[in-house]
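Reader: Hi! Could you walk me through this structure?

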Amino acid sequence: MNNQKLAVLALNDVVVFPNNEIRIEYDDSFEKASIDYADNTDDKYLVIVHPIDSNYVVDVTSLPSYGILGQIKLKLNVPNGKTRVVIEGIKRVHVSNYFYQNHFYQADISEVVIPSSEEDKNYYSLLMKSLDKYIEKAPYMSNAIISQLDTVESLNELCDLIGSFLPVDYNKKKKYVMTISPIERARILIEDMNEEIKFLELERKIESEVEQEIEESQKEYFLREKLRAIKRELGDINSKEDEIENLKKRLSKLKCNYKVREKIKSEISRYEAMSSHSPELGMIRDYLDWMLHLPWNIYTKDTKDLVKVEQILNSTHYALEEVKSRILEYLAVKQNTNNLRSPILCLVGPPGVGKTSLALSIAESLGRKTAKISVGGINDEAEIVGHRRTYVGAIPGRIIQGIRKAGTANPVFIIDEIDKMTKDIKGDPASSLLEVLDPEQNDKFSDHYIEEEFDLSKVLFIATANYIEQIPYELRDRLEIIELTSYTEYEKLDIAKNHLIPRALEEHGLTSLQVQLDDDAILAIIRYYTKEAGVRELDRRIASLFRKIVKKMLLEKEQVFYPIGEKDLEAFLGKKKFSYEKTGKKSEVGVVNGMAYTAFGGDILPIEVTMFPGKGELILTGSLGDVMQESCQISFSYIKANAGSFSIDSNLLSENDIHIHFPEGAVAKDGPSAGIAITTALVSLFKNHAVANNVAMTGEITLRGRILEIGGLREKVIGAHRAGIRKIFLPRENRKDLDEIPEELKKQITFVFVEKYGDIYQRLFGRG
Ligand code: ADP
């Protein structure tokens, strides 16, 4: 066989061992040429080699210097156009030369002497031991290999037998084939088998663990089902179990921190362990319900686009330019600095001027959810921070209630009426509220009921109030106050036309093709059917009007057009509720219009005084506060002191009792600003000289007759105008506030600014 020339079959995915067979299918012309050549020789020999670089076959440099002598045992054409051969490996051979001829490689081969030594025996037994171990772990190998072990006569053969069976990849197998020394081959095989054994052990372990887990959970499931079936049989099926399952399921889906989760878990365990007759059961159930429904870790993402925020504010709210721009500034700074310490926004103004709806629009424009609570009238701090769980009927405070309703941990949270909280023995809700609003502490807000800390630091709180003065002082400090004021009739008209009416039409399924209100009709609703600073009542009247129109349409089954003018209003809204000009037809002695700032905005406050024989005593009625009573005394003293210069007969003052009354007696009134009106009413009485009823005045008076600045000018003037006032006396110091007065009113009203009472006296009584 020495220097025999044989066809070369280069294989790069399978290996043939001596005493072993391979089957291959081929269609490649290169393989075909060499196999055909070999098949045509007498003994059908060829040499199988494995290219060194398995990607590259047809290159002499990549062909190795050892190969396996093979013999073709069978060759047949199979239907798919390929040829199948079975080749038996015979022994390792040395390849001394490759050459390319007739489109395939041929090689000169020579015998290889396989070394053997004394040590072979030791390695033989080592290899056998490893094999035993291996078979133990991979029993599926055993039969095939054991049946062939009998034929093995040397370490060399044993190595090849094991090498051919071992389920390793091509490269490893290639290495077994190409390693000539049996001892060396045995070493590699032992190492590989040990590795395989480890791998098999690991595989086994994982399998058994998984199996065990499945078994245990199946066992538990099975037992639970059985228990349930037994209970069902006994009619004892208890919703508590289903509930526990539900609670656990809900907990698994709950987004919350570790501490909260542990707390809920332990409460569920308590619940589970408790007898179904225990009175505490319901309490724990309620607690779990709260804990599992709080949005511990749910946040919406803010719209960062301030232009969009501005657009939404503009589209939902007419005018209020100053207010909107301050809101935008506030949001811009908040966004820009991400400052958690920024103050809380507080919208202050009379009812119905859009405080709440602005806050809702802010939420909408930022893409946040909303929560809204009112703290008006509360006097118990538990309302804010909840009752302890031990308290019968305990529930969380309003803050947590609001958060739960909002469903996120960063809603816009509207707190209404922060000026209407009261303080008493139950505690001071304002200071609890302070904790809620304080960015230094509110990331760890602790409701007494919930017990676990809830992070309120991402909440955008917006407070609302009617009067700045009544906001608890400690809170006021924390607030960024933005004032909203009353609307004039004309502003209300615009709001109605652009916002309220289109919205109401839509809500009633109407269109402007079916119903149209002209401006006079809208103004008439404003004047005769509402009395308010804002537009809430107006909104209601419009809704009521549309309701009636819809009803009429449906009853009369006519889809007609309803143009609504002022004259049509009575038919829909009934008789006028308010008279526009409140002032009487006649001017009367001892009656003067003061001006008030009430919850409805501004209004006139007619002051009546009268006298009857007595001892110069002062009688005051009309639910007056302390300051107002003092104001009456000051006026009276001032007149007594200056009776001479006002040409008042001082006997009148000492021989009569004087009664000052403020109508709408049940409505509480206070403040010093009626001073000059009280004084004027008294002067009018004592001088028997009427003051025109379209005149009004507001200003504090001192004992020396100086006139001091007052607040709420805009509201008072709007209210007075509504009531038909055309001349108003005001403190000189208020001249600066004239800017606040809408232009159309300035055109219709004469303002007289006065510094001392003498100025008023001169103008009203001077010539009399
Ligand atoms: P407040 O909270 O100040 O008492 P609301 O926010 O409840 O008042 O407002 C009452 C109604 O008046 C709301 O329907 C609101 O949309 C509407 N409204 C108030 N001001 C405006 C305005 N400037 N533009 C449009 N609608 C307004």
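Author: Happy to; we can go through the domains, the ligand and one residue.
This is a predicted model, where local features need pLDDT of at least 70, side-chain atom pairs count only at pLDDT 80 or more, and totals for chains, interfaces and linings use all residues. Residues are numbered from 1 along each chain as its sequence is written, and side-chain values use heavy atoms, with hydrogens and water left out.

Reader: Cool. Which domains does the protein chain have?
Author: The assignment gives domain 1 (4-111), domain 2 (239-293), domain 3 (326-349 + 356-483), domain 4 (489-573) and domain 5 (591-765). Such bounds come from an automatic or database domain assignment.

Reader: And what separates the centres of domain 1 and domain 3?
Author: Taken over C-alpha atoms, 87 Å.

Reader: Now the ligand! Which residues come nearest?
Author: G352, T356, S357, R503 and R536, out of 19 residues around the ligand; a residue counts as near if one of its heavy atoms lies within 4 Å.

Reader: What about K355 and Y487?
Author: A side-chain N or O atom of K355 is 2.7 Å from an oxygen atom of the ligand. For Y487, a side-chain N or O atom is 3.0 Å from a ligand nitrogen atom.

Reader: New topic: is I607 buried or exposed?
Author: I607 counts as buried because its relative accessibility is 0%, and buried means under 20% relative accessible area (1.4 Å probe, protein chains only).

Reader: Where is G590 relative to I607?
Author: G590 is 17 residues from I607 along the chain, and their C-alpha atoms are 7.9 Å apart.

Note on methods:
Buried means under 20% relative accessible area, exposed over 50%, partly exposed in between (1.4 Å probe, protein chains only). A polar contact is a pair of N or O atoms within 3.5 Å; within protein, one must be able to donate a hydrogen and the other to accept it, and residues adjacent in sequence count only if both atoms are side-chain atoms.
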